[in-house]
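User: I should like to learn how to read the local features of a protein model. Please take them in turn, with the general idea before the case.

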Amino acid sequence: VFQTLDLAPDVQPGTLTFRFDHPDGALTHAYELRPRTRQPGTYAQGFSSEDVIYLMMPDRFANGDVANDSIPGYLEGVDRSDVNARQGGDMRGVIARLDYLDDLGLTAIWFTPVFENDMTPEYGAYHGYAATDMYAIDPRFGTNDEFIELVDACHARGMKVIMDMIHNHVGDRHWWMADPPTSDWFNSWEEYGQTNSVGAAALDPYASDSDRDRLLNGWFVREMPDLNQKNELLAQYLLQKTVWWIEHSGIDGIRMDTYVYPDKDYMARWVDYVMAEFPTFNIVGEAWLQRTAHQAYWQTGFEGHTDGYDARLRSVTDFQVHYALVRGFQDHSSLFELYIQLSQDYLYDHPNDLVTFLDNHDVPRYRTQVGGDAAAVRMALAVLLTTRGIPQVYYGTELAFENDGDEALGHGVRRQTMPGGWPDDDRSVFEAADRTPEEALTVEHFRALAQWRKTAEVVHDGRLTQFVPRNGTYVYFRWEDEPNGDAVMVVVNRNDEPYDLG
Ligand code: CA
C-alpha cells in the first residue's frame, strides 16, 4: 500500500495513526512525523577539491564488536579462513580507529554500502551491493544508531561522511522479490538477461536498441534484480529514501553506484531532487567507462553530445586518470600517459570536481598494478594529492598494500583486512612500531602530504600548468594569480638517479 501525505506548511511533529480495514480485522500503523532537528551547516556539507576522501569497506577495516559477527536469523556469519567471505568488521571498529584516520590528514570517509545485505554465504555480500533493506544498516555492521554515532564522531573531528547508494539494483533476497509491489517493479526478461556492462551504449549515437536495452534493463548479476526506475512509485520511494538518510544520519555526500546503468532521466531527476533539498550537498557518480569522452558525458555542463542530456552530476569518478596513473607508473618511461590524459580536460565543464584515485575496491591494488613498486605508490600518491581533482585513497594504499594473493582467488584479495583491526591479529598497522619499513615510509609520506594539503589552497583550486615529460621526468605547477600568488612545483622523477633540472 502506498500512502501519499500532503503536509500543510504549518504541520506540527507528532504521530499519525493509519487504520486499514480488512475482513480479517483492522491493521493499524503508526507513522512518526519527526521534527527537523539538525542545524544547517552541521551536515550535508558536500565535498570538494579541498578534501581527501578515504574509501573503506566496513567489513574489512576493523572489528570492534565480535558479538555482531554472526547474528541469529541472518544467512551469513564470519569465516576468516575465506578471503571472499564476511570478516566481521563494523561501525564500532571504525569509531575506535578514528584517531588513526584523523591523524593521516583525511577529511572525508566513503563507506562502501552499509545497508542490510542478508544474502546467502555462497554469494558473499560483505561488499554491501545487494541490499535487502534500504532503510536499515546491516546488523553485522551495527545499528542505525551506531551509524549515526559514527557520523557524529567524524563531524566532531571535522571529517565528513560519504554514503554509498545503489538505485540500479537490490539483492534477490530483498523482501520485494517475494511479492513485488507492482508487476513492473523490476525489469524482467523471459530468460535471465544480464546487462552487457558496456556503458558506452547509454550514449553511443549509433547504439542499437537491443544493446541499450541490455545495458539499462539487464540484471547486474543473477543475484541483483534490476530496478525499473520508470515506475513512478519506485522512483518516489528512492527519492524519499535518499532524503530520509541524509536527514536521519547527517551524512555529507553520496557516492552513487553504477550511475550509467539505471534510467538516466531518473538519475538526473534524483540529483536535482537531492540538491534542491540540500544545496551544499555533493554526489559523485560511478561512471566506469572506457574513454574520456564517455566519462565527460556524465558531468553536468557537458555540451559535446547532440542528445541534449545533462546528468546533473557535479562529480564523477575519474577512471581515466586512474588508468593513466597505472600506465604512467608501470615502467620508467611512461609518465607521458598522465600528461596526455590531463591534456583532454577541455571536455569537462569543471575537471577539478572529478574524483581521482590510484585504486578502489573494484580493481587490483595499485601497487600490484605497478609491479609491486612501493616507491611508485609514493610518487603516485604525491601526484594524486597535488594535481587537479578530489583525491580518493583506498584503505591500505596509504600503507602500500599489495593484493593479498592471486587475482584468481577472487576480489577478496584486493580487500584484505587491516592487520590490527581484529582482536586476534598478531600485529597492528595502527601502531607505528608494528609497521614494516615499507609501510612506515609510505604512511609517513602520505600523512605529511595530506596534513599539508588541508590548508594548501593552491592545490585545492589553483591553476594547473604541466610540461611535456622528458627523460623520465614530469613537471607541473599549481599556481594562483596575485594577490596570493602561491605556487607549488611538482617534479616526478622516474629515473633511478637524481635528475638535474638545470
Ligand atoms: Ca563485528
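Analyst: The dialogue below treats aromatic pairs, salt bridges, burial, backbone geometry and a surface patch.

User: What should be known about the model beforehand?

Analyst: This is a predicted model, in which local features need pLDDT of at least 70 and side-chain atom pairs count only at pLDDT 80 or more, while totals for chains, interfaces and linings use all residues. Residues are numbered from 1 along each chain as its sequence is written, and side-chain values use heavy atoms, with hydrogens and water left out.

User: How is a pair of aromatic rings read?

Analyst: The distance of the centres and the angle of the planes describe a pair of aromatic rings. Rings of Phe, Tyr and Trp (its six-membered ring) pair if their centres lie within 6.5 Å; planes under 30 degrees apart count as stacked, over 60 as edge-to-face and the rest as tilted. By this rule there are 28 aromatic pairs. The rings of Tyr297 and Phe302 are edge-to-face, because their planes stand at 65 degrees, with the centres 6.2 Å apart. The rings of Phe336 and Tyr339 have centres 5.9 Å apart and planes at 20 degrees, so this pair is stacked.

User: Where do Phe336 and Tyr339 lie?

Analyst: Helices (H or I, at least four residues) and strands (E, at least two) are DSSP runs, numbered from the N terminus. Both Phe336 and Tyr339 belong to helix H10 (residues 336-342), where they are 3 residues apart, about one turn of the helix.

User: Which of these rings are buried and which are exposed?

Analyst: Buried means under 20% relative accessible area, exposed over 50%, and partly exposed in between (1.4 Å probe, protein chains only). Tyr297 is buried at 1%, and Phe302 is buried at 14%. In the stacked pair, Phe336 is partly exposed at 43%, whereas Tyr339 is buried at 19%.

User: Which residues do ring pairs link into a cluster?

Analyst: The cluster joins Phe2, Phe115, Tyr135, Phe147, Trp175, Trp176, Trp185, Tyr237, Trp244 and Trp245.

User: How is a salt bridge recognised, and how many does the structure hold?

Analyst: A salt bridge is a side-chain nitrogen of Lys or Arg within 4 Å of a carboxyl oxygen of Asp or Glu. The structure holds 36 of them. In one, the closest N and O atoms of Arg19 and Asp21 are 3.0 Å apart; Arg19 is exposed at 58% relative accessibility, and Asp21 is exposed at 56%. Another joins Asp307 and Lys264 at 3.6 Å, N to O. Asp307 lies in the loop between helix H8 (292-296) and S10, and Lys264 in helix H7 (residues 264-277), so this pair ties together parts that are 43 residues apart in sequence. Asp307 is partly exposed, at 36% relative accessibility.

User: What network includes Arg435 and Glu444?

Analyst: Salt bridges link Asp103, Arg435, Glu444 and Arg447 in a network. Within this network, the side chains of Arg435 and Glu444 meet at 4.0 Å, N to O. Arg435 is buried, with 15% relative accessible area, while Glu444 is partly exposed, with 39%.

User: How should the surroundings of Thr317 be read?

Analyst: Contact means heavy atoms within 4.5 Å. Leaving aside neighbours within four places in sequence, Thr317 is in contact with Val284, Gly285, Glu286, Ala287, Gln295, Val355 and Phe357. A polar atom of the Thr317 side chain lies 3.0 Å from the backbone nitrogen of Ala287. Thr317 sits in the loop between strand S10 (315-316) and helix H9 (319-328) and is buried, at 5% relative accessibility.

User: Which backbone angles deserve a look?

Analyst: Phi of Ala44 is near 50 degrees, a positive value in a residue other than glycine. Ala44 lies in the loop between strand S2 (27-33) and strand S3 (53-56) and is buried at 3% relative accessible area. Phi of Ser197, also positive in a residue other than glycine, is near 60 degrees; Ser197 is partly exposed at 35%. The peptide bond from Glu482 to Pro483 is cis, with omega near 15 degrees, and Pro483 is in the loop between strand S14 (473-479) and strand S15 (487-493).

User: Which residues form the nonpolar patch on the surface?

Analyst: Patches are made of residues with over 30% relative accessible area and no salt bridge: like charges are joined within 9 Å, nonpolar side chains (Val, Leu, Ile, Met, Phe, Trp, Tyr) within 5 Å. Accessible areas come from the Shrake-Rupley method with a 1.4 Å probe; for residues, only the protein chains shown count as cover. Here Leu5, Leu7, Val11, Leu16 and Tyr31 form the patch, with about 390 Å² of accessible area together. Val11 is in the segment before strand S1 (14-20) and is partly exposed at 38% relative accessibility.

Notes: Polar contact = N/O pair within 3.5 Å; in protein donor to acceptor, adjacent residues only side chain to side chain.
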